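Work through the three exercises below with the model open. Each task is followed by its solution.

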Amino acid sequence: MDGNKRWVSGELQHPDRDPNRRQFVAQKQEPFGAILSCIDSRVPPELLFDTGLGDLYVMRTGGEAVGPVVTGSVEYGPMTSGTPLIVVLGHQRCGAVEAAYNSIRDGNPLPGNLEAITKALRPAYEQAVRESGGDPVETMARAQVELTAADLRSNQDLAPLVGRGALAVVGAYYSLDTGKVEVLAGAPS
């Protein structure tokens, strides 16, 4: 979050981005966090958290949609090298969430494999409809973050790490307007 404060203020440090760091991590990596975020070109985790080479595992899918390969990728750091943090990062004005919302609401399937994203986001759609307040697409985007983070927290392989305090799974939301990341759920105490 300190890196995000630097991003918001424009006082970037650009840490761990030089040949010495590249050489240091060439043989081994020990990222301090894993980020599951959206594919959106305006939401690059390494930049908005002002991090560098070897600092983060980053997985990006449309609307933070998950399936077995993505979940396995998220599990990799905590289960193989003790990475202590997973952040599920949604964002304002998410095109994937909006497309899925409209597809489900109107009953018009998206073409090709985009329908797999819609299917993965259906629980967030259903939660947004139940909450029925404010902008339904933004409500759905936040619901997707919270549901995905909760699923990862209770995942059979990650739950024991969470239970003993070796892993935090945090849901967060990025404002395109301000650059600020807001923690929604799961912040370590």
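For sorting residues here, Ala, Val, Leu, Ile, Met, Phe, Trp, Tyr, Cys and Pro count as nonpolar, Asp, Glu, Lys and Arg as charged, and the others, Gly among them, as polar. The model is predicted.

**Exercise 1.** Characterise the lining of the largest pocket by residue class.

Solution.
- Start with the space itself: the volume of the largest pocket is about 290 Å³.
- Next, take the lining, which has 18 residues. Met1, Phe32, Phe49, Leu85 and Val87 lie nearest the centre of the pocket.
- Now sort the lining: 13 residues are nonpolar, two are polar and three are charged.

**Exercise 2.** Which elements supply at least two residues each of that lining?

Solution.
- One helix qualifies, α1 (2-9).
- The strands β3 (85-91), β4 (168-174) and β5 (181-185) qualify too.
- Rank them: α1 gives the largest share, three residues.

**Exercise 3.** Describe the fold of the protein chain and judge how compact the chain is.

Solution.
- Count the elements: eight helices and five strands.
- Read their order from the N terminus: α-α-β-α-β-α-β-α-α-α-α-β-β.
- Compare radii: the radius of gyration is 17 Å, close to the 16 Å from the globule rule for 189 residues, so the protein chain is as compact as a globular protein of that length.
- Check contacts: of those with a separation of 6 or more, 65% join residues 24 or more positions apart.
- Finish with burial and surface. Buried residues, those under 20% relative accessible area, make up 44% of the chain. The accessible surface is about 9800 Å², with 53% belonging to carbon and sulfur atoms.

Definitions and conventions: Residues numbered from 1 in each chain as written. Predicted model: local features only at pLDDT ≥ 70, side-chain atom pairs only at ≥ 80, totals over all residues. Heavy atoms only, no water. 1 Å grid on protein atoms, 1.4 Å probe; cavity = no way out; pocket = protein on both sides within 12 Å on 5 of 7 lines; lining within 4 Å. Points joined across faces, edges and corners; volume = space filled by probe spheres on them. Helix = DSSP H or I, 4+ residues; strand = E, 2+ residues; numbered from the N terminus. Rg over C-alpha atoms; globule rule 2.2 N^0.38 Å. Buried < 20%, exposed > 50% of the residue type's maximum accessible area, 1.4 Å probe, protein only. Contact = heavy atoms within 4.5 Å. Areas by Shrake-Rupley, 256 points an atom, 1.4 Å probe, with all protein chains shown as cover.
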